[in-house]
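This report walks through one protein chain, from its sheet and helices to its charged pairs and the positions that a record singles out. Please keep the picture at hand while reading.

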Amino acid sequence: MTHTRYAFIKAQWHADIVDRALEGFLQLIPAEHVDVFDVPGAFEMPLLAQELAKTGKYAAVACAAFVLDGGIYRHDFVAQAVVDGLMRAGMDTGVPVLSVSLTPHQYQETEHHNAIYRAHFVEKGREAANAALMITKAREAALAA
């Protein structure tokens with residue numbers, strides 16, 4: 001069965017930056033094919049990604065977050081836990097779960113940095129959409145073989 005729906009989960013920490021990833025995603029995948037979900041932060045993404053993947057409605061689930069280095073160990077802990085959780089959600093469900101989660105080490109909350117990351121998230125959103133389309137096509141070809 002060919003799926004034409006995609007889920008897009010976005011963390012609300014720094015939503016003004018993270019939401020740009022959805023803009024990029026929608027440049028390649030029509031909005032009417034995308035269900036959008038907001039979660040409080042990156043740490044909450046893997047569970048929702050797994051639950052959405054289990055529904056069988058989605059060809060892929062993309063997740064976007066901005067995990068900042070606040071100078072304490074939590075940055076590394078959260079980033080690793082999120083990536084591991086997203087990978088596990090995909091492996092456990094058989095549905096691709098894509099990460100648009102960026103973890104800059106030198107972010108400063110200035111207009112200059114915000115502009116850089118807003119633009120970067122648009123590009124990462126496009127990359128995630130391209131990956132979603134490519135993996136969907138590759139999986140369809142593999143199943144048809």
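**How directions are compared**

An axis here is a line fitted to C-alpha atoms, taken for a helix over the stretch in contact, and the angle between two N-to-C directions runs from 0 to 180 degrees. In this model, which is predicted, helix α4 lies across β1, β3 and β4, and its direction makes about 170° with that of β4.

**The sheet**

Four strands make up an open sheet, arranged in the order β2-β1-β3-β4 with parallel pairing. Strands β2 and β4 form the edges, since each of them pairs on one side only. Between neighbouring strands of this sheet the average turn, with direction ignored, is 15°.

The pairing of β1 with β3 can be followed in some detail: the two strands run parallel and are joined by five bridges. Along this pairing, F8 stands opposite A62, which belongs to β3.

**Helices around the sheet**

Helix α1 packs on the sheet, where it touches β1, β2, β3 and β4, and its direction makes about 165° with that of β1. Within this helix, which covers residues 15–25, the buried residues are A15, I17, V18, A21, L22, G24 and F25. These buried residues of α1 pack against β1 (6–11), β2, β3 (60–66) and β4, and also against the helix α4, which spans residues 111–144. When looking at such a list, it helps to recall that an α-helix has 3.6 residues a turn, so residues three or four places apart point the same way.

How many of the 10 residues of α2 are buried? Seven of them are, so this helix is largely enclosed by the rest of the structure. The residues concerned are M45, P46, L48, A49, Q50, L52 and A53. Just after α2 comes G56, whose phi is positive, at about 80°.

Another positive phi, of about 60°, is found at H14, although this residue is not a glycine. H14 sits in the loop between β1 and α1, and it counts as buried because its relative accessibility is 18%, while the cut-off for buried is under 20%.

**Charged pairs**

The count of salt bridges in the model comes to nine. Two of them involve K10, a residue that counts as buried because its relative accessibility is 7%. In one, K10 is paired with D19, and the closest N and O atoms are 3.1 Å apart; in the other, the side chains of K10 and D38 meet at 2.7 Å, N to O. The pair of D38 and K10 links distant parts of the chain, for D38 is in strand β2 and K10 in strand β1, 28 residues apart. Unlike the buried K10, D38 is partly exposed, with a relative accessible area of 46%.

A further salt bridge is formed by E111 and R118, whose closest N and O atoms are 3.0 Å apart. Here E111 counts as exposed because its relative accessibility is 54%, whereas R118 is partly exposed, at 23%. Through shared partners, salt bridges also join K10, D19 and D38 into one network.

**Positions named in the record**

An unreviewed UniProt entry gives the feature "binding site" at W13, A42, F43, E44, F66, V67, L68 and S99. Two of these positions can be placed more fully in the model, starting with F43, which is found in the loop between β2 (34–39) and α2 (45–54). Is F43 buried or partly exposed? F43 counts as partly exposed because its relative accessibility is 49%. Leaving aside neighbours within four places in sequence, F43 is in contact with F77, V78, A81 and V82.

The other position, S99, has its place in strand β4, which covers residues 97–102. With a relative accessibility of 41%, S99 also counts as partly exposed. Not counting residues up to four places away in sequence, S99 touches C63 and L86. A polar atom of the side chain of S99 lies 3.2 Å from the backbone nitrogen of S101.

Note on methods
Residues are numbered from 1 along each chain as its sequence is written. This is a predicted model: local features need pLDDT of at least 70, side-chain atom pairs count only at pLDDT 80 or more; totals for chains, interfaces and linings use all residues. Side-chain values use heavy atoms; hydrogens and water are left out. UniProt positions are given in the numbering used here, feature names are shortened, and annotations may be inferred rather than shown by experiment. Buried means under 20% relative accessible area, exposed over 50%, partly exposed in between (1.4 Å probe, protein chains only). Contact means heavy atoms within 4.5 Å. A polar contact is a pair of N or O atoms within 3.5 Å; within protein, one must be able to donate a hydrogen and the other to accept it, and residues adjacent in sequence count only if both atoms are side-chain atoms. A salt bridge is a side-chain nitrogen of Lys or Arg within 4 Å of a carboxyl oxygen of Asp or Glu. Two strands pair if DSSP finds at least two bridges between them.
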